Amino acid sequence: MPVPLHPIPAELVLDTSVVVAWAFKEHGRVASAESIISQVQAGSGRAYVPELLWAEFQQAAERKLHASWAARDRLGLSQPHVESAYQSMLQLSAAWLTMLPTLVEPATRDEAWRLRLALGIASYDAHFVALALLYGVELWTFDQRLCSLASADARVRQSLRLIGVDV
Amino acid sequence: MPIVHVYPEPEEAHRMGVPLFVDSNAEDNIRAIREIERWCREQGLARAQESHLRTLRTEHGLVRRGICYRPPPAEYEQRELEWAEVLRRRESMPETVPTDDGPESG
């Protein structure tokens, strides 16, 4: 078996940016995302995600679909392609991702609130970070903005793994 | 020790062809899920994918109960088929431009 592009740890939290890059074959990210998802599928590591991953994924899917006509040639996708990505995500989440509740869980809810206030990161992002902190594992993400904002907090910075562009 | 009780024992459950209860005394739901997931992996078992575990008071104290089972070969075969389907479906997906902005910035 070839050495994976990004060997994953035994446990990790996956950011929505990773599954979106995988499902929609995002340029510059797809090879890395495929490497990570394939390892999760093969059981090399356990991937945890908050249930609100679905809300973020749907938002991203809707944006892929409804890109402006001016941008459609480079960004827009047809309805069947978006539905296809949605089906792939359904199968991925049913079999290989551990979905965790977030908004009703005090442990992550309160930490996410603290992180949002302290670092100015988005609420959704804060729940992913809070989950990673709670479990003491890394959050793997393509989100440079999140990593930049989070760099103000040493504990958060250490829990983030920014995945670079494909090489 | 977060896993405080298992019933029946995995070997017995396997022999009987039944799932088993795995009780964790972790302090909250998502910590309990993680502990039960870890325990299942060590045993070669799978956890039923509940996201809210039932909480109950037992002789071992307040616990959260997960349901685990030994996946039959057919489940693995089905997953392989599904993964092959995912890979087939992805062949026709065009490459797209990354979308970085999350739902709150749109």
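Me: How many helices and strands does chain A have?

Reply: In this predicted model, chain A has 8 helices and 5 strands.

Me: In what order do the elements of chain A run from the N terminus on?

Reply: The order is read along the chain, beginning at the N terminus. Here it is β-α-α-β-α-α-β-α-α-β-α-α-β.

Me: Why is chain A said to be as compact as a globular protein of that length?

Reply: The radius of gyration is set against the value from the globule rule. For chain A the radius is 16 Å, and the rule gives 15 Å for 167 residues; the two are close, so the chain is as compact as a globular protein of that length. Along the principal axes, its C-alpha atoms fill a box of roughly 40 × 40 × 30 Å.

Me: What percentage of the residues of chain A count as buried?

Reply: A residue is buried if 20 or more other C-beta atoms lie within 10 Å of its own. By that count, 44% of the 167 residues of chain A are buried. As for contacts in chain A with a separation of 6 or more, 65% of them join residues 24 or more positions apart.

Me: How many residues does each chain give to the contact between chain A and chain B?

Reply: The size of an interface is often given as the accessible area lost when the parts come together. Here residues are counted instead: 43 from chain A and 27 from chain B. Elements giving two or more residues to the chain A side include α3 (53–65), α5 (106–119) and α6 (123–135). The largest share, 7 residues, comes from α4(A).

Me: How do the residues on that side of chain A divide into nonpolar, polar and charged?

Reply: The side of chain A that touches chain B has 18 nonpolar, 12 polar and 13 charged residues.

Definitions and conventions
Residues are numbered from 1 along each chain as its sequence is written. Chains are lettered from A and ligands numbered from 1 in the order in which they are written. This is a predicted model: local features need pLDDT of at least 70, side-chain atom pairs count only at pLDDT 80 or more; totals for chains, interfaces and linings use all residues. Two residues are in contact if their C-beta atoms, placed from the backbone, lie within 7 Å. Helices (H or I, at least four residues) and strands (E, at least two) are DSSP runs, numbered from the N terminus. Ala, Val, Leu, Ile, Met, Phe, Trp, Tyr, Cys and Pro count as nonpolar, Asp, Glu, Lys and Arg as charged, and the others, Gly among them, as polar. The radius of gyration is taken over C-alpha atoms; the globule rule is 2.2 Å times the number of residues to the power 0.38. A residue is buried if 20 or more other C-beta atoms lie within 10 Å of its own, exposed if 12 or fewer, and partly exposed in between; C-beta atoms are placed from the backbone.
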